[in-house]
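Welcome to this guided tour. Open your viewer, switch on the cartoon view, and get ready to pick out one piece after another.

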Amino acid sequence: MDHAADAYRTDLMTITRFVLNEQSKYPESRGDFSILLSHIVLGCKFVCSCVNKAGLAKLIGLAGETNGEEQKKLDVLSNEVFVKALVSSSRTCILVSEEDEEAIFVESSKRGRYCVVFDPLDGSSNIDCGVSIGTIFGIYLMKDGGEPTLADVLQPGRNMIAAGYCMYGSSCTFVLSTGTGVNGFTLDPSLGEFILTHPDIKIPKKGKIYSVNEGNAKNWDGPTAKYVEKCKFPKDGSSPKSLRYIGSMVADVHRTLLYGGVFLYPADKKSPNGKLRVLYEVFPMSFLIEQAGGQSFTGKERALDLVPKKIHERSPIFLGSYDDVEEIIALYAAEEKKE
Ligand code: AFP
C-alpha cells in the first residue's frame with residue numbers, strides 16, 4: 001500500500017462535491033438546493049466550533065462577560081447562526097425553529113422556494129457535561145408559488161425533500177438524505193470540509209439495543225410497557241437487548257442508525273403526546289430512518305403520514321430497525337383489537 005499517497009488523498013468526496021454530483025443528475029436543476037445546503041453546512045461548522053470551545057470559553061472567558069454583557073447561551077447563539085445563514089442563502093421563504101415561538105417569514109427581497117424546519121441545538125441540557133448534541137433539520141418545497149403561509153410547513157413528513165442532522169461529538173458528523181438513501185460525512189478540521197465517510201447507510205434489519213428513558217415507565221401505556229418487558233425478558237429464547245440511552249436525540253438516533261435497534265420516546269400518562277416535536281425532531285429522524293431501510297411509528301400510524309396542525313406539535317415516536325418496530329406495531333394493533 002502506498003502510505004504516502006494515502007496520507008495525501010486527492011479523490012476525497014466532500015459534501016460540496018457530493019451535492020453537485022447529485023444535482024448534475026437533474027439537468028433542469030438551477031442549483032438552488034445546493035446553495036441552500038451549503039448555508040446549512042456553514043451553520044453547522046460554526047456551531048461545531050462554538051460547541052468545541054464551550055467548556056474552554058466558560059473557563060477562561062473566551063466568549064465570557066465583556067463590557068458587562070452576559071455570554072450568550074449556546075442554543076440562542078446557534079439559532080441566530082442558522083436563521084442568518086438560511087435567510088442570507090436567499091433560497092428560503094419560511095423558517096420554523098425550536099427556539100422561536102412563531103414561524104419566521106423571510107422578507108420578499110430575500111425569498112426563495114424552500115421551507116426549513118430545524119432544532120438548532122438539540123440536547124442542549126447536555127452541553128455542560130460534554131455529551132454529544134446536534135442540529136436537526138428538514139426541508140420542504142413551498143406548496144405553490146404564491147405568498148408563503150403556515151400551510152407550507154404544516155405538511156406531512158413524507159413531503160419533505162431532504163432531512164439531516166449534524167452531531168457535535170467526538171467528531172463532527174453530518175448525516176443527510178435527499179430521498180435517495182442516507183449518507184454520512186465527517187468534518188476534517190484540517191480542511192474545514194465534510195468528507196463522505198459513511199456512504200449509503202443501511203440500518204440493520206433487527207438490532208440488539210433498545211433506547212428509552214425508563215424513568216417514565218410507571219406512566220407508560222400497555223404496548224410500550226410490554227415491548228420493553230420483551231426486550232429485557234424475551235420469551236423466544238433470544239438474548240435480552242442492551243439498554244443505551246444518552247438523552248440527546250441526535251446521539252441516540254445516530255447510534256440506532258449505525259448499530260440498529262429501537263429508539264422510543266412514547267406517550268405517557270403525564271405527556272399524552274410524548275415529548276419530541278413533530279416538525280424538527282420526529283419528521284427529519286423518521287425520514288432518515290426510512291431512507292436507511294428502517295421504520296418509524298407514532299403508536300397510531302407511520303410517523304411520516306402525520307399531518308401537523310401546529311408548528312411546535314409533539315408526537316410519541318418509535319423508530320429504528322424494521323423488524324423491531326414491526327413488533328411494536330403488532331403490540332399496538334393487538335391493543336386496538338381489545339378495545
Ligand atoms: P433538551 O434539548 O432539553 O436537552 O432535550 C433533548 C430532547 O429533546 C431530545 O434530544 C432527547 O431525546 C429528549 O429530549 C430526552 O428527554 P428526557 O430527558 O425526558 O429523556
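Begin by selecting strand β6: C172, F174 and L176 point one way from it, T173, V175 and S177 point the other way, and all are buried. Buried means under 20% relative accessible area, exposed means over 50%, and partly exposed lies in between (1.4 Å probe, protein chains only). In a regular strand the side chains alternate between the two faces of the sheet.

A word on what you are looking at: this is a predicted model, in which local features need pLDDT of at least 70 and side-chain atom pairs count only at pLDDT 80 or more, while totals for chains, interfaces and linings use all residues. Residues are numbered from 1 along each chain as its sequence is written, and side-chain values use heavy atoms, with hydrogens and water left out.

**Stop 1: the neighbours of β6**

Strand β6 covers residues 172-177, and six of its six residues are buried. Strands here are DSSP runs (E, at least two residues), as helices are (H or I, at least four), numbered from the N terminus. Two strands pair if DSSP finds at least two bridges between them.

Now add residues 162-168, which are strand β5; six bridges join β5 to β6, and the two run antiparallel. To see the match, click A163, which stands opposite S177 in β6. The link from β5 to β6 is a hairpin through three residues.

Next, bring in β7. Four bridges join β6 to β7, again with an antiparallel run, and V175 stands opposite G184 in β7. Which residue in the turn of this hairpin has a positive phi? Select G179: its phi is about 95°, and five residues lie between β6 and β7.

**Stop 2: N183**

Stay with β7 (residues 183-188), where you will find N183. N183 counts as buried because its relative accessibility is 10%. A polar atom of its side chain lies 2.8 Å from the backbone nitrogen of D200.

**Stop 3: the C-terminal part**

Select residues 203-332. An unreviewed UniProt entry places the feature "domain: Fructose-1-6-bisphosphatase class 1 C-terminal" there; UniProt positions follow the numbering used here, feature names are shortened, and annotations may be inferred rather than shown by experiment. The span is 36% helix and 12% strand, and its end C-alpha atoms lie 23 Å apart.

Look next for an open sheet of five strands with mixed pairing, in the order β10-β9-β11-β13-β12. Its edge strands, each pairing on one side only, are β10 (242-243) and β12 (295-297). Strand β9 (residues 209-211) pairs with β10 in the parallel sense over two bridges, and I209 stands opposite S242 in β10.

**Stop 4: V117**

Click V117 in strand β3 (residues 111-122). With a relative accessible area of 0%, V117 is buried. Then pick F297: V117 and F297 are 180 residues apart in sequence and 20 Å apart in space, C-alpha to C-alpha.

**Stop 5: the ligand**

Finish at the ligand, which has 14 residues around it; D122, S125, Y245, M249 and Y265 come nearest. Near means that a heavy atom of the residue lies within 4 Å of the molecule. Where should you zoom in? A polar side-chain atom of D122 lies 2.5 Å from an oxygen atom of the ligand. A backbone N or O atom of M249 lies 2.7 Å from a ligand oxygen atom, and a polar backbone atom of G123 is 3.0 Å from an oxygen atom of the ligand. Taken alone the ligand exposes 480 Å², and the protein buries 77% of that.

Conventions
A polar contact is a pair of N or O atoms within 3.5 Å; within protein, one must be able to donate a hydrogen and the other to accept it, and residues adjacent in sequence count only if both atoms are side-chain atoms. Accessible areas come from the Shrake-Rupley method with a 1.4 Å probe; for residues, only the protein chains shown count as cover.
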